[in-house]
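Please look through the sequence and the structure shown here, and then follow the paragraphs below, which lead from one pair of strands to the arrangement of the domains.

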Amino acid sequence: MNVHQLETPALILDLDRYEENFRIMKNFTEANGIRLRPHYKSHKCTWIAHDQIAAGAKGITCATLGEAEDAARAGIEDILIANQAPQMSKVTRIAYLATCCRLTVCVDSTENIAALEAAAALESAAIHVLVEYDVGMRRCGVTDAEEFLLLAKLADAAPHLVFEGIQAYAGNLSHEADFEKRKKNSDWVESRLSALKKYVENAGLKIREVSGTSTGTVQFRPKNSVYTEIQPGSYIFMDKAYSLLNLPFRNALFLLTQVISVVGKERIVTCGGMKSISVDQANPSLAEYPGIPVEMSEEHCTLPFVPEGITVGDYLRLIPGHCCTTMNLHDHMYLVRKDKVMDRREIVSRGKSR
Ligand SMILES: Cc1ncc(COP(=O)(O)O)c(C=O)c1O
């Protein structure tokens, strides 16, 4: 089947570029001696998680328990939930999940540690734990080294928890367009984490893992990085927001649209609006006309320009503003090589926000 036989709007993955993005990441991690634990929330597809592990990833990172359950059900054996999930019903689900795979979760409160220990004891499970440290994002996590140590000691002393180390995600730096600023602040994160590691280890606890890092800051992890594993997600697809950073990865994810109206010499309109492509982080743009800002509405994309020879029925490709939230809008994606549709795959964890 040719890609132009697909009913639009259709989410399509350019397999050549997807595979190239994998290679670039693999070369980086191998050259720098750092392990990859890519973020599942970017694709929400168990088959991509398997591709990533086959390409050398040690396991995956999830944002939600529902994603982690899907991944475990599909046979992924090493899963980190890089998030807080203190609700009691979720703590119970976490303890059960820890009997099905090697599960690591993040904590930032004494109450959550106590609840996880109690639930793990009931299941006779071992739950691996990272204490979350806020390195500037101002999301979850403790900011104080003493508070970190207190939680680390509690987790370490809990018979059914295994204290592993630090979760530190500087998402505030991911899309910083100024290269020097991004680098300087990433170096500062490294030194802050090295100081924390030293402080905790001087108190007698071993830090085995330091986990974090996004597509936008991978390049600043030095050979001797304090991070033992990195969690980039978007690198496999890329999007408009990341394309402003001049990273080596290329756009592989597109929304295939069709021109549905040509309005005089003023504008063209395609199908596919913000109900099928994300506008958070950046406005989408057309791959064929990247420099011309488009206007998005619910089911339409308007280009304020009429390209020479364009007619109703022509196909154009939109680059998502943000790939991760775009994946959450579709049930399926089409795998495409050149112009040939190779397969249709389910986006299994779409909507799994619990
Ligand atoms: C905890 C955590 N790690 C890693 C990532 C991956 O970031 P990116 O998709 O920008 O590579 C995210 C993204 O939100 C995140 O929240």
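In this predicted model, a good place to begin is strand 2, which pairs with strand 9 (residues 229–230) in the parallel sense, over 2 bridges. Within this pairing, Arg35 is the residue that stands opposite Glu229 in strand 9.

The pair belongs to an open sheet of 8 strands, whose order is 2-9-8-7-6-5-4-3 and whose pairing is parallel. At the edges of this sheet lie strand 2 (35–36) and strand 3 (60–62), each of which pairs on one side only. Helix 6 (residues 145–157) packs on the sheet, where the helix touches strand 5 (102–107), strand 6 (127–132) and strand 7 (161–167). The direction of helix 6 makes about 175 degrees with that of strand 6.

From the sheet one can step back to the protein as a whole, for which the domain assignment gives domain 1, made of 3–10 + 247–346, and domain 2, which spans 15–237. The centres of domain 1 and domain 2, taken over C-alpha atoms, are separated by 33 Å.

How many residues of domain 1 are in contact with residues of domain 2? On the side of domain 1 there are 17 such residues, and they are in contact with 20 residues of domain 2. Helix 9 (323–327), strand 16 (332–337) and strand 17 (340–346) are the elements that give two or more residues to the side of domain 1 that touches domain 2. Sorted by class, this side of domain 1 has 11 nonpolar residues, together with 3 polar and 3 charged ones.

Definitions and conventions
Residues are numbered from 1 along each chain as its sequence is written. This is a predicted model: local features need pLDDT of at least 70, side-chain atom pairs count only at pLDDT 80 or more; totals for chains, interfaces and linings use all residues. Two strands pair if DSSP finds at least two bridges between them. Helices (H or I, at least four residues) and strands (E, at least two) are DSSP runs, numbered from the N terminus. Two residues are in contact if their C-beta atoms, placed from the backbone, lie within 7 Å. Axes are lines fitted to C-alpha atoms, for helices over the stretch in contact, and angles run from 0 to 180 degrees between N-to-C directions. Domain bounds come from an automatic or database domain assignment. Ala, Val, Leu, Ile, Met, Phe, Trp, Tyr, Cys and Pro count as nonpolar, Asp, Glu, Lys and Arg as charged, and the others, Gly among them, as polar.
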